Every structure is written in C-alpha cells, then in structure tokens.
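Biologist: I should like to understand how the terms used for a protein model are justified. May we take them one at a time?

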Amino acid sequence: MTNPTALAFGYPGSKIAETDHWLILLRPKQPTFGSLVLVCKETVQAFSEVSPAAFADLQVAVAGIERLLKAQVDYEKINYLMLMMVDKDVHFHVLPRYEGAREHEGASFPDAGWPAAPALGAAVELSAEGVERLAQRFAQAWVQA
C-alpha cells in the first residue's frame with residue numbers, strides 16, 4: 001500500500017524510479033527545475049524509525065538521484081530537506097541548486113534563493129500532464145544513467 005505522502009506528491013503519475021525502500025517522485029511544485037521528493041516506502045513517521053535496510057538503500061537512491069539530476073539539470077549544489085510538517089511520512093525534498101535559470105517546455109525555472117536558502121514559495125507549478133511528461137523523461141534518463 002502506498003503511503004499518503006507519496007499520493008500527495010502525485011504518485012503514481014510523478015514516479016521516476018524506486019529502490020527497494022524508496023520512491024523517487026517529481027515534485028509538482030518546482031522551486032528549481034528537477035525538484036524531487038524522495039519518499040520512504042516504510043510506514044514510518046520519524047527518521048529514527050527507518051529500518052537499517054532502508055538506511056542502507058538510501059545510499060542507492062541518493063546516488064541515482066545525483067546522477068540523474070547532474071545529467072538533466074547540471075546543478076551546482078543539491079539540497080535535501082526533511083520538512084515533515086504537513087506530509088508526515090518520512091521523505092526528503094530534493095532541490096538541485098544553480099545560479100540563474102533552467103528552461104523546459106518554454107518555461108523558465110529560476111533558482112530564486114541562490115546562493116542562500118531555497119525559496120520554496122517561488123515555485124513553478126506544473127500541470128498534471130507536465131508532471132507526467134517530465135517524470136517520464138527523467139525515468140528514461142534514470143534507466144540510461
């Protein structure tokens with residue numbers, strides 16, 4: 001059964017990849033181009049409750065994310081934010097950071113917070129169709145990376 005956090009971020013339409021213990025989803029609101037959500041598939045709401053197997057598998061997920069985003073976004077830094085206030089299940093917001101902007105399908109995705117903290121409120125919101133198209137593009141790149 002999929003947890004409510006994954007569903008809140010558009011699963012299954014936003015799914016890029018998964019490992020044994022983690023889902024890699026495209027974030028519908030994009031503070032920077034390529035923003036993702038890394039959701040633990042276990043039913044845990046505290047980071048300390050994540051199983052040892054999921055902690056080990058986190059390295060696999062992070063390595064895949066960084067390969068993917070370097071190739072697709074060419075980020076300069078990457079931020080992993082654990083902000084479990086509204087969505088309670090263990091998850092990270094993954095934000096590729098860069099100076100300037102990235103372009104996709106005619107839209108500009110500036111990193112409004114660069115070089116300081118990310119500006120989460122300055123996000124470009126993708127349509128459901130836009131999320132699925134970009135998630136599919138990233139899913140294909142994940143397999144090839």
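Modeller: Certainly. Two strands are said to pair if DSSP finds at least two bridges between them. Please keep in mind that this is a predicted model.

Biologist: How do you know that E1 and E2 pair?

Modeller: E1 and E2 are joined in the antiparallel sense over 3 bridges. Pairing requires at least two bridges, so the condition is met. One bridge links Glu18 to its partner Leu23 in E2. A hairpin of 3 residues connects E1 to E2.

Biologist: What makes the span of H2 agree with its number of residues?

Modeller: At 1.5 Å a residue, the 22 residues of H2 should span 32 Å. The C-alpha atoms at its ends are 31 Å apart, and therefore the two values agree. After H2 comes Asp74, which has a positive phi, near 55°.

Biologist: Why are Leu58 and Leu68 of H2 called buried?

Modeller: A residue is called buried because its relative accessible area is under 20%. Among the residues of H2 in this class are Leu58, Ile65, Leu68 and Leu69.

Biologist: Which residues touch the most other members of the largest nonpolar core?

Modeller: They are Ile16 and Trp22, in a core of 33 residues. Several elements give two or more residues to this core, including strand E1 (15-18), strand E2 (22-26) and helix H3 (128-144). The largest share, 7 residues, comes from H2.

Biologist: What does Ile16 touch, leaving aside residues up to four places away in sequence?

Modeller: Its contacts include Leu36, Leu68, Phe138 and Trp142.

Technical notes
Residues are numbered from 1 along each chain as its sequence is written. This is a predicted model: local features need pLDDT of at least 70, side-chain atom pairs count only at pLDDT 80 or more; totals for chains, interfaces and linings use all residues. Side-chain values use heavy atoms; hydrogens and water are left out. A nonpolar core is a set of buried Ala, Val, Leu, Ile, Met, Phe, Trp, Tyr and Cys residues joined through side-chain atoms within 4.5 Å. Buried means under 20% relative accessible area, exposed over 50%, partly exposed in between (1.4 Å probe, protein chains only). Helices (H or I, at least four residues) and strands (E, at least two) are DSSP runs, numbered from the N terminus. Contact means heavy atoms within 4.5 Å. The expected span of a helix is 1.5 Å times one less than its number of residues.
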